[in-house]
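Grab a coffee and open the viewer. Here are a few short exercises, each with a worked solution to follow at your own pace.

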Amino acid sequence: MAENTDTAVRENQPQAQRPANQPAPLPASDRDLRWKSFRAGNPRFRVFLIVGIIVLLVAGFFLWRYFDSYEDTDDAQIDGHLNSISARVSGHVLKLLVDDNQYVPMGTPLIEIDPKDYQVAVDRAKADYADAVALAEAARVNVPITSVNTNSQTSSAQADVENANAGIAAARQQFSASKAQLAEAEANNVKAQNDLVRYKQLVDKQEI
């Protein structure tokens, strides 16, 4: 009897009128019902959703920072300073002691040049100097013996001594000249290596 009364009451209650232009709501599917029940019954879903959103925001921020730090252009120009360094001597480079774009203080060695050719010249000058010294010593030893014999021999020995001294002076001058040539060759080598690096950079940029 109570059920019939409730049914009658429900039937007598006025129903809300739906606007004419409002479409009737579609019935929820089983999939939607299961999804809603999963969200309502699983409290971790909201936590995972919030954590996922935070992770996506952080990842998007770092990606934006990463891609924003790089410039992309088809017509770029770079301002810089090219300082040419002249070398005193020339020669074969054994080792490059610096890298590209490296800060180099004053006095830092840049390259190592093969010293074999210049060492040969120095050794030759030393040998010539030793020969001249030996000739001078021999002439000095022979001076007392020749001076006892005749005055002419004394004069000849003195001339030999002078010639030996002149040979020593010439050997010293030749040694100094060889050292100067060695320094000049090293300077030319450094200049050639610097020109090579500079022209290589220009060729790589297709500027020459």
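What percentage of the 208 residues in the protein chain do buried residues make up?

Solution. Start with the cut-off: a residue counts as buried under 20% relative accessible area. By that test, 13% of the 208 residues are buried. Then look at the outside: the chain exposes about 18100 Å², and carbon and sulfur atoms supply 55% of that area. Keep in mind that this is a predicted model.

**Exercise 1. Work out how far to trust the model, and where to be careful.**

Step 1: take the whole chain. Its mean pLDDT is 76, with 73% of the residues at 70 or more.

Step 2: go element by element. Strand 3 (residues 111–113) has the highest mean pLDDT, 87, while helix 1 (residues 2–12) has the lowest, 44.

Step 3: check the start of the chain. Residues 1–16 have pLDDT below 50, and beyond near neighbours in sequence this stretch makes 0 contacts in the model.

Step 4: draw the lesson. Where pLDDT is low, the predicted coordinates should not be read in detail.

**Exercise 2. Lay out the elements in order, then ask how the contacts are spread along the sequence.**

Step 1: count. There are 5 helices and 3 strands.

Step 2: order them. From the N terminus, the run reads α-α-α-β-β-β-α-α.

Step 3: turn to contacts with a separation of 6 or more. Of these, 67% come from residues 24 or more positions apart.

Step 4: pick an example of distant positions. Leu82 and Arg198 are 116 residues apart along the chain, yet their C-alpha atoms are separated by 8.1 Å. Leu82 sits in the loop between helix 3 and strand 1, and it is exposed, at 59% relative accessibility.

**Exercise 3. Decide whether Ser178 is buried or exposed, and list its contacts.**

Step 1: find the residue. Ser178 is in helix 5 (residues 151–204).

Step 2: apply the cut-off. Ser178 has a relative accessibility of 13%, so it counts as buried, given that the limit is under 20%.

Step 3: look for partners. Leaving aside neighbours within four places in sequence, Ser178 touches Ala121 and Ala125.

**Exercise 4. Describe the nonpolar patch on the surface and the aromatic rings.**

Step 1: name the members. Ile50, Ile54, Val58, Phe61, Phe62 and Trp64 make up the patch, and together they have about 640 Å² of accessible area.

Step 2: test one of them. Ile54, in helix 3 (residues 44–68), is partly exposed, with a relative accessible area of 47%.

Step 3: move to the rings. A pair of aromatic rings is described by the distance of the centres and the angle of the planes. The count comes to 3 aromatic pairs. One of them is Phe61 with Phe62, which is edge-to-face at 5.7 Å centre to centre and 70° between the planes. Phe61 is partly exposed at 41%, whereas Phe62 is exposed at 54%.

Step 4: add another pair. Tyr66 and Phe67 are also edge-to-face, with 5.2 Å between centres and 75° between planes. Tyr66 is partly exposed at 45%, and Phe67 is exposed at 57%.

Step 5: join things up. Ring pairs link Phe61, Phe62 and Trp64 into a cluster, and these three residues also belong to the nonpolar patch.

Methods
Residues numbered from 1 in each chain as written. Predicted model: local features only at pLDDT ≥ 70, side-chain atom pairs only at ≥ 80, totals over all residues. Heavy atoms only, no water. pLDDT = per-residue confidence, 0-100. Helix = DSSP H or I, 4+ residues; strand = E, 2+ residues; numbered from the N terminus. Contact = heavy atoms within 4.5 Å. Patch = residues over 30% accessible without salt bridge, like charges linked within 9 Å, V, L, I, M, F, W, Y side chains within 5 Å. Areas by Shrake-Rupley, 256 points an atom, 1.4 Å probe, with all protein chains shown as cover. Salt bridge = Lys/Arg side-chain N within 4 Å of Asp/Glu carboxyl O. Buried < 20%, exposed > 50% of the residue type's maximum accessible area, 1.4 Å probe, protein only. Phe/Tyr/Trp six-rings, centres within 6.5 Å; stacked < 30°, edge-to-face > 60°.
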